[in-house]
Amino acid sequence: MAGENRWSGYKTAMSTLLSTDLNALASGSTSVLSVEQSNTNTHRFIDIELNLASVNITSTSAQVDVFVVASIDGTNYPEFDVGANPGAHNMNYFVGSIIIDNSNSTHRGHLYDVFVRFEKWKLAVRNQTGIALAASGNTVAFRYKNDSFT
């Protein structure tokens, strides 16, 4: 008899990781790392939601890159650059991009099924929209979810 892999749904409510850290984040810059998350319940995946306050994006290739940086030993984190001109080693922690429409409005995007390890982790984003983000009202949030094998 073959088993089935099934999504078991969300395990937590939405939790905000970044907010004021995104205010006026310059294009090409990487945010600070979020507050550390402790994956004590060994959830396997997160869904990420990006909300950008109203800003006039004119680039046809605007995106926000997402990075998840884990601490394998629960204490120490690898080198990760924030601010302008981040190092190429940041790409070791790249998990995906959220594409942003070119319009003068609020923007919401999602990144689904991002694998997270069973230890502590932090999240950062890099603004690749071509302009600075709005001065307030920007957030990145997440929720845990699992799959199960029956």
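In the predicted model, Phe142 is buried, its relative accessible area being 3%. Tyr144 likewise counts as buried, at 6% relative accessibility. Because the threshold for burial is a relative accessible area under 20%, both assignments follow directly from the computed values of 3% for Phe142 and 6% for Tyr144.

The surroundings of Phe142 were examined through its ring contacts. A search of the whole structure yields seven aromatic pairs. One of them joins Trp121 to Phe142 in an edge-to-face arrangement, with a centre-to-centre distance of 5.2 Å and an angle of 80 degrees between the planes. Trp121 belongs to strand β8 (residues 120–128) and Phe142 to strand β9 (residues 139–149), so this pair ties together parts that are 21 residues apart in sequence. Both partners, Trp121 and Phe142, are buried. Phe142 also pairs with Tyr144: the ring centres are 5.1 Å apart and the planes stand at 85 degrees, so this pair too is edge-to-face. The edge-to-face class requires planes over 60 degrees apart, a condition met by the 80 degrees of Trp121 and Phe142 and by the 85 degrees of Phe142 and Tyr144.

Further aromatic contacts involve other residues. Phe67, Phe80, Tyr93 and Phe94 are linked into a cluster by ring pairs. In addition, a charge–ring contact is found between Lys122 and Tyr77, the charged end of Lys122 sitting over the ring of Tyr77 at 4.5 Å from the ring centre.

At the level of the chain, the secondary structure comprises nine strands and zero helices. The order of elements along the sequence is accordingly β-β-β-β-β-β-β-β-β. Among the contacts with a separation of 6 or more, 88% are between residues 24 or more positions apart.

The overall dimensions were also evaluated. The radius of gyration of the protein chain is 16 Å, which agrees with the value near 15 Å that a compact globule of 150 residues would have. Along the principal axes, the C-alpha atoms fill a box of roughly 55 × 30 × 25 Å. Of the 150 residues, 41% count as buried, with Trp121 and Phe142 among the buried residues. The accessible surface of the protein chain amounts to about 7800 Å², and carbon and sulfur atoms account for 48% of this area.

Technical notes. Residues numbered from 1 in each chain as written. Predicted model: local features only at pLDDT ≥ 70, side-chain atom pairs only at ≥ 80, totals over all residues. Heavy atoms only, no water. Phe/Tyr/Trp six-rings, centres within 6.5 Å; stacked < 30°, edge-to-face > 60°. Helix = DSSP H or I, 4+ residues; strand = E, 2+ residues; numbered from the N terminus. Buried < 20%, exposed > 50% of the residue type's maximum accessible area, 1.4 Å probe, protein only. Lys NZ or Arg CZ within 6 Å of the ring centre and 35° of its normal. Rg over C-alpha atoms; globule rule 2.2 N^0.38 Å. Contact = heavy atoms within 4.5 Å. Areas by Shrake-Rupley, 256 points an atom, 1.4 Å probe, with all protein chains shown as cover.
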